[in-house]
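Me: Please take a close look at the aromatic rings in this structure. I would like to know how they pair and what surrounds them.

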Amino acid sequence: MKNIITIMIIMLLGGCAFSQPTPTSQKLVVYEMENDRTLKMRFEKGSDDRIETIMFRIVRNSVDLREEGDTDDEMAYNRLVELYESDVAYFTDLPDVFVSNRTPDIANLKGVDGFAVSVHVSDDFKPTAQQSGWEVSYALAIIVDFTDVMDDQSIAKVLNFVRLDNSAMSDKYLSFNKISDSQSFLFSDVIKEGVRAEFKD
């Protein structure tokens with residue numbers, strides 16, 4: 001009787017071990033530098049390299065566009081407007097890319113349904129410029145879902161915007177190791193020197 005009970009306990013424990021594997025959680029990593037640039041990534045389950053979804057966020061400031069010889073802040077403001085229009089034009093009309101002035105779902109790292117790439121460029125700085133003494137800014141956020149169907153030209157343009165090339169891609173994933181090693185990457189210093197936070201989904 002004692003042997004039968006022992007065998008039953010072993011079988012129960014063994015069954016639990018095989019039938020209930022520990023689920024692997026997804027890792028969410030955020031790098032930020034001075035609120036000007038933010039890199040947010042969701043990795044494939046169980047991976048520290050394969051990025052499924054990424055957000056590149058940049059804040060453009062008129063104060064950074066001042067040049068020697070400027071007589072007032074309006075000149076820097078005008079340059080910011082030109083930069084804003086250039087950013088919007090860069091992504092407009094690309095296949096599988098949604099361009100909007102709406103606030104993106106940054107918290108959940110979600111783009112717009114039906115689009116592999118969502119680009120959000122805030123335009124609220126324009127009507128408030130005079131109230132704030134011309135020192136204004138706008139945010140540009142790009143959310144890319146690499147698991148979705150996307151046009152090769154579009155993803156090449158997005159990677160080029162953040163100074164990466166297609167070699168950073170592998171099997172519909174972006175490689176964290178490759179972007180970290182890239183000296184030209186727009187967020188290279190953010191990874192090396194920024195504040196890092198990690199979460200589990």
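Reply: The following account concerns the aromatic rings and the charges placed over them.

This is a predicted model, in which local features need pLDDT of at least 70, side-chain atom pairs count only at pLDDT 80 or more, and totals for chains, interfaces and linings use all residues. Residues are numbered from 1 along each chain as its sequence is written, and side-chain values use heavy atoms, with hydrogens and water left out.

Across the whole structure, a search finds 10 aromatic pairs (rings of Phe, Tyr and Trp, the last by its six-membered ring, with centres within 6.5 Å; planes under 30 degrees apart are stacked, over 60 edge-to-face, the rest tilted). Among them, Phe43 and Phe176 meet edge-to-face, with 5.8 Å from centre to centre and 75° between the planes. Because Phe43 belongs to strand 2 (residues 37–43) and Phe176 to helix 4 (residues 176–181), this pair ties together parts that are 133 residues apart in sequence. Helices (H or I, at least four residues) and strands (E, at least two) are DSSP runs, numbered from the N terminus.

Phe43 is buried at 2% relative accessible area, and Phe176 is buried at 14%; buried means under 20%, exposed over 50% and partly exposed in between, with a 1.4 Å probe and protein chains only. Ring pairs also bring Tyr31 into a cluster with Phe43 and Phe176. Over the face of Phe43 lies Lys27, 5.2 Å from the ring centre (NZ of Lys or CZ of Arg within 6 Å of the centre and within 35 degrees of the ring normal). Likewise, the charged end of Arg50 sits over the ring of Tyr173, at 3.9 Å from its centre.
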